[in-house]
Amino acid sequence: MIDTSDIKIKRTSNSRLQETDFSDLPFGKIFSDHMFIADYEDGEWKNFQIVPYGDLTFSPAISALHYGQAFFEGLKAYKQENGDVVMFRPYKNAERFNKSAERMCMPSLPEDLFVQSIAALVEVDKDWIPTAPQTSLYIRPFMFATDEYLGVQPSTTYKFMVLACPVGAYFSKPLKVKIETKYSRSSEGGFGFAKAAGNYAGSLYPAQQALKEGFDQIIWTDGRDHSYIEELGAANVMFIIDGKLVTPSTRDTILKGITRDTILTLANKWGIPVDERRVSVAEILEGLKNGQVAEAFGVGTAATITSIASIGYEGELYELPDPATAGFSSRALKTLNEIRYGQAPDEFEWNYKID
Ligand code: PLP
Ligand code: COI
């Protein structure tokens, strides 16, 4: 059994901390001083290391580059008012990491090892956790195949790595989204539920087309006939309809978001009726026309809770009520932030404290 005390730490002698402008944190462009790296070889995980952030050298034939055997996770660490450093629900990411690994025919990682590896990196780079409201350290664990072989088969060697980025908001304003009726992100029997790199690669062209039409994001629909709402490209989607919190039930075409689960738990606690079911496009359009849809928003780790301002469908644009008046989503965001920053009790034990 692997012990995280086996992690070798090589600290940088050239920290970039002082030259980093924490008042301007574009998402995913600024990396902390260190990264975590481990190798999978001969059927086991080994060589656990924290090293200065930097380039790696590979064969151009590694299978991740050719056949996309690669997936990732995303979670955040916060510095609380009393100085405690916490990660938000990391064991949920560990669980989903292994679901993605299984579907992509890649090795699993013991959940404790996943969490402890990340905790060790966050501990080393804890000065990189920003403290301004809405900021955090975004953590990107990922795995990719490293066999030098052009045959199509599962690799026998892999790397597990973790990067960390101080971040602010992923979306800077309420979104104008398009309900997609031509392209699909995933299909039944596919791997939409996995955080596989290929899911994101396939979404880029449709997203670019939507951008040309003036939309910020796509609401994906089912791959069979585009009649049911699934999710956004980087977040799950929720609606407040007639006072109920309505969200598509998860299935193998949808990523089972941890933020989604968190918001549903809060809604249940607050006694707000929750409806997890198939949500048809027709129902949403009807609700937008007759004013029953009071709020629409995306929920995700990077996205936190992002309001949707308008929804386009086949040439028509439907405006939602002003997000500034949104009751549920602003309450949920405020509560979540209070829990994460240690300003409200963490009654569901979502924060994992790093000692
Ligand atoms: N759906 C997709 C496609 C995503 O990339 C994400 C982001 O991780 C989510 C949903 C939301 O998941 P989570 O709340 O676990 O971050
Ligand atoms: C996350 O929220 O962690 C995501 O994975 C979204 C991302 C693709 C930026």
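These notebook entries record what I looked up about two ligands, a pocket and the cavities of a predicted model.

**Ground rules.** I number residues from 1 along each chain as its sequence is written, with chains lettered from A and ligands numbered from 1 in the order in which they are written. In this predicted model local features need pLDDT of at least 70, side-chain atom pairs count only at pLDDT 80 or more, and totals for chains, interfaces and linings use all residues, while side-chain values use heavy atoms and leave out hydrogens and water.

**Entry: ligand 1.** I looked up what surrounds ligand 1 and found 17 residues, the closest being Lys 195, Tyr 200, Glu 231, Thr 259 and Thr 301; a residue counts as near if one of its heavy atoms lies within 4 Å of the molecule. By class, this shell holds seven nonpolar, six polar and four charged residues, where Ala, Val, Leu, Ile, Met, Phe, Trp, Tyr, Cys and Pro count as nonpolar, Asp, Glu, Lys and Arg as charged, and the others, Gly among them, as polar.

I then turned to its polar contacts (pairs of N or O atoms within 3.5 Å). A side-chain N or O atom of Glu 231 is 2.4 Å from a nitrogen atom of ligand 1, and a side-chain N or O atom of Thr 301 is 2.5 Å from an oxygen atom of the ligand. Ile 258 takes part through its backbone, with an N or O atom 2.8 Å from an oxygen atom of ligand 1. On its own ligand 1 has 380 Å² of accessible area, of which the protein covers 96%; such areas come from the Shrake-Rupley method with a 1.4 Å probe.

**Entry: ligand 2.** Around ligand 2 I noted Phe 27, Phe 72, Gly 74, Tyr 138, Arg 140, Tyr 170, Lys 195, Tyr 200, Ala 234, Thr 301 and Ala 302, a shell of seven nonpolar, two polar and two charged residues. Polar side-chain atoms of Tyr 138 and of Lys 195 each lie 2.6 Å from an oxygen atom of ligand 2, and a polar backbone atom of Ala 302 is 2.7 Å from an oxygen atom of the ligand. The protein covers 90% of the 280 Å² of accessible area that ligand 2 has on its own.

**Entry: the pocket.** Where does ligand 1 sit? I found ligand 1 in the largest pocket, and the space taken by ligand 2 is the largest pocket as well; sitting there requires more than half of a molecule's atoms within 2 Å of the grid points. A pocket is an open set of points on a 1 Å grid over the protein atoms alone, with protein on both sides within 12 Å along at least five of seven lines, whereas a cavity is a set where a 1.4 Å probe fits but cannot get out, and lining residues have an atom within 4 Å of a point.

The largest pocket has a volume of about 640 Å³, a volume being the space filled by probe spheres set on the points. Its lining has 36 residues, with Tyr 170, Lys 195, Tyr 200, Gly 233 and Ala 234 nearest the centre, and helix H4 gives the largest share, four residues; helices (H or I, at least four residues) and strands (E, at least two) are DSSP runs. The classes are 20 nonpolar, 10 polar and six charged.

**Entry: cavities.** How many cavities of 30 Å³ or more does the whole structure hold? I count three, and the largest has a volume of about 70 Å³. Among the residues lining this largest cavity are Gly 74, Ile 258, Thr 259 and Thr 301, and strand S5 gives the largest share of the lining, three residues.

How values were computed: A polar contact is a pair of N or O atoms within 3.5 Å; within protein, one must be able to donate a hydrogen and the other to accept it, and residues adjacent in sequence count only if both atoms are side-chain atoms.
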